[in-house]
Amino acid sequence: MSTPTTAPTKGRRFNGLPLIGPSVTVLLIWMIVPLVMTVWFSFQRYNLLDPTVTGFAGFDNYEFLVTDPDFWASLTNTLLLVGSVLVITVVGGTLLAVLFDQPFPGRDVARLFAIAPFFVMPTVAALIWKNLMMHPIYGVFGAVARALGLPAIDWFADYPLLSVILIVSWEWLPFALLILLTAVQSLDREQLEAARMDGAGALAQFVYIVLPHLSRAISVVVMIETIFLLTVFAEIYVTTAGGPGNATTNLAFLIYARALLQYDVGGASAGGVVAIILANIVAFFLVRTIARRLEV
Amino acid sequence: MAKRSPLKRVGIALLGWGAAFVLFFPLLWMLLTSLKSEPEAVTPSLIVAPTLQSYGDVLARADYLAFALNSVLISVGGTVLALALAIPAAYVMAFHPTKRTRSTLLWMLSTKMLPSVGVLVPIYLLFRTLGLLDSRIGLIIVYTLMNLPIVVWMLFTFFKEVPNDILEAGRMDGARTGAEVWHLLLPLTLPGVASTGLLSLILCWNEAFWSLNLTSSAAAPLTAFIASFSSPQGLFFAKLSAASTVAVAPILVFGWLSQRQLVRGLTFGAVK
């Protein structure tokens, strides 16, 4: 045989452009147009309520943004929210994944109950927690506290950011569980058995075999969650509307408030550019993780 | 498997069911509250004299059905459109890969990294200019584009598992590309395509950011309707719970049915 010259598809080379073209085109438009507009607006004076405010603003919008204490508060809140929820869901998710990997009666049903919160729409999740769980008078937590003779906590007044963190963690813990459980189940049982024979205790097995096996799944959970958590919106919109003061204003809510409550397009766009830069730092690592696993 | 002591087995069962109960409790409580009468609903108690009153009240509000209809139309519209765009694209990348396929896939994924808040302002202004604010078509377009990368990825993952030989045989018999995809590929990958569609439906149904910012009344889906309960005059706990239950139930069932394939799709096959 001489050198093979025929590709898997015989005859005329397959022209896939008409099939893949539409998807690529619409995504390209979806990405480029708003991105260019956001960057453009961020250098403009532009207020929807006052048409006399026009013209090139230079870095004024950015300067105004970084000298605004609300911006730094929102950045801090964003990072606190993302960080706390990540820690809670990854640690909790790992423990739950190991637990739900053990055989026990009705395990499959219990598992379905445990992952349910992931499928609940954020506005519903926020309202259930705000009114039925955390309400100081009508909520379950308050009732339990009173039954124990303790004062009821007014969650959203006294611990606003913590309250939001709890709600968002409740939504995302099942996601971490779902992904990590799948990873735990693919663990090589014989390896565990061998470790047990060699006298490794439960803790040693967990630290030296289970955790390293989970590292890739954990990185996937961290990356995907970070992308979504950076832009948590509905939970804040429904429960605290960013308050009290700016205690629960994250970057997403700040941009929303600037744009659609104060109609300051220039300022909101500058915030948008910051959000895009922040997300892309994260995305850089995500794409690298995924790319390494990609077989084409 | 090593034998465990009975005590340990009971302990694990208790822990497992306990964890499931704690995570599910808010939803259970929502269900219980929805079955109470309005005066009973404000006193936290486990005892319920079940009544379907609140469900009746919620469904009797004509606008509730309008919101639900919006949710169905927008979610189904966005999903069907995304599938229609993504199936040909995923087919090409899975069965006729070129040097650029890998970077195309990664680029598509990267468009998901553009945070919605970052582009809220331009989309809002564009929609205002085009008259798409508070229109179903507008939301369908946004949802299609929002989910397209994930849908392409999931389909790609499922299509890759079909041996090329089977499609090759069909091609030899003279099947054109359209027939090849429709009569060979889609029947073979039906479970995967179905779960991809379900994931897209779940994401559309639960989406809150765009629906809250781009709609006000005419095209607002259930997420926006439920959010309207956060205003003081909407504080009827039993009705709120009944409305929430009806809004969440269908998508919860879909989620449970497709959970296994969801993991594969959400992690792009990186976790097996």
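**Exercise 1.** Does Asp57(B) count as buried, partly exposed or exposed, and what is the relative accessibility of Asp57(B)? Find a salt-bridge partner for Asp57(B) too.

*Before you start.* This is a predicted model, where local features need pLDDT of at least 70 and side-chain atom pairs count only at pLDDT 80 or more, while totals for chains, interfaces and linings use all residues. Residues are numbered from 1 along each chain as its sequence is written, chains are lettered from A and ligands numbered from 1 in the order in which they are written, and side-chain values use heavy atoms, with hydrogens and water left out.

*Solution.*
- Step 1: Get the classes straight: buried is under 20% relative accessible area, exposed is over 50%, and partly exposed is in between (1.4 Å probe, protein chains only).
- Step 2: Asp57(B) has 25% relative accessibility, so the label is partly exposed.
- Step 3: A salt bridge needs a side-chain nitrogen of Lys or Arg within 4 Å of a carboxyl oxygen of Asp or Glu. Asp57(B) makes one with Lys239(B), with 3.8 Å between the closest N and O atoms.
- Step 4: Asp57(B) belongs to helix α3 (residues 53–60) of chain B and Lys239(B) to helix α13 (residues 237–266) of chain B, 182 residues apart. Helices here are DSSP runs (H or I, at least four residues), numbered from the N terminus.

**Exercise 2.** Look at the salt bridge between Asp68(A) and Arg258(A). Which parts of chain A does the pair tie together?

*Solution.*
- Step 1: Check the gap: N to O is 2.2 Å.
- Step 2: Asp68(A) sits in the loop between α2 and α3 (69–101) of chain A, and Arg258(A) in helix α12 (residues 251–261) of chain A, so the bridge joins parts 190 residues apart in sequence.
- Step 3: Now accessibility: Asp68(A) is buried at 13%, and Arg258(A) is buried at 8%.

**Exercise 3.** Describe where chain B meets chain A, starting with how many residues each chain brings to the contact.

*Solution.*
- Step 1: Counting contact as heavy atoms within 4.5 Å, chain B supplies 101 residues and chain A 99 residues.
- Step 2: Buried area is the accessible area (1.4 Å probe) that two parts lose on being put together, summed over both. Here that is about 8,900 Å², with carbon and sulfur atoms giving 81%.
- Step 3: On the chain B side, Trp17(B), Leu23(B) and Met113(B) lose the most area to chain A, together 8% of what that side buries.
- Step 4: Look for charge pairs between the two chains: the count is zero salt bridges.

Definitions and conventions
Helices (H or I, at least four residues) and strands (E, at least two) are DSSP runs, numbered from the N terminus.
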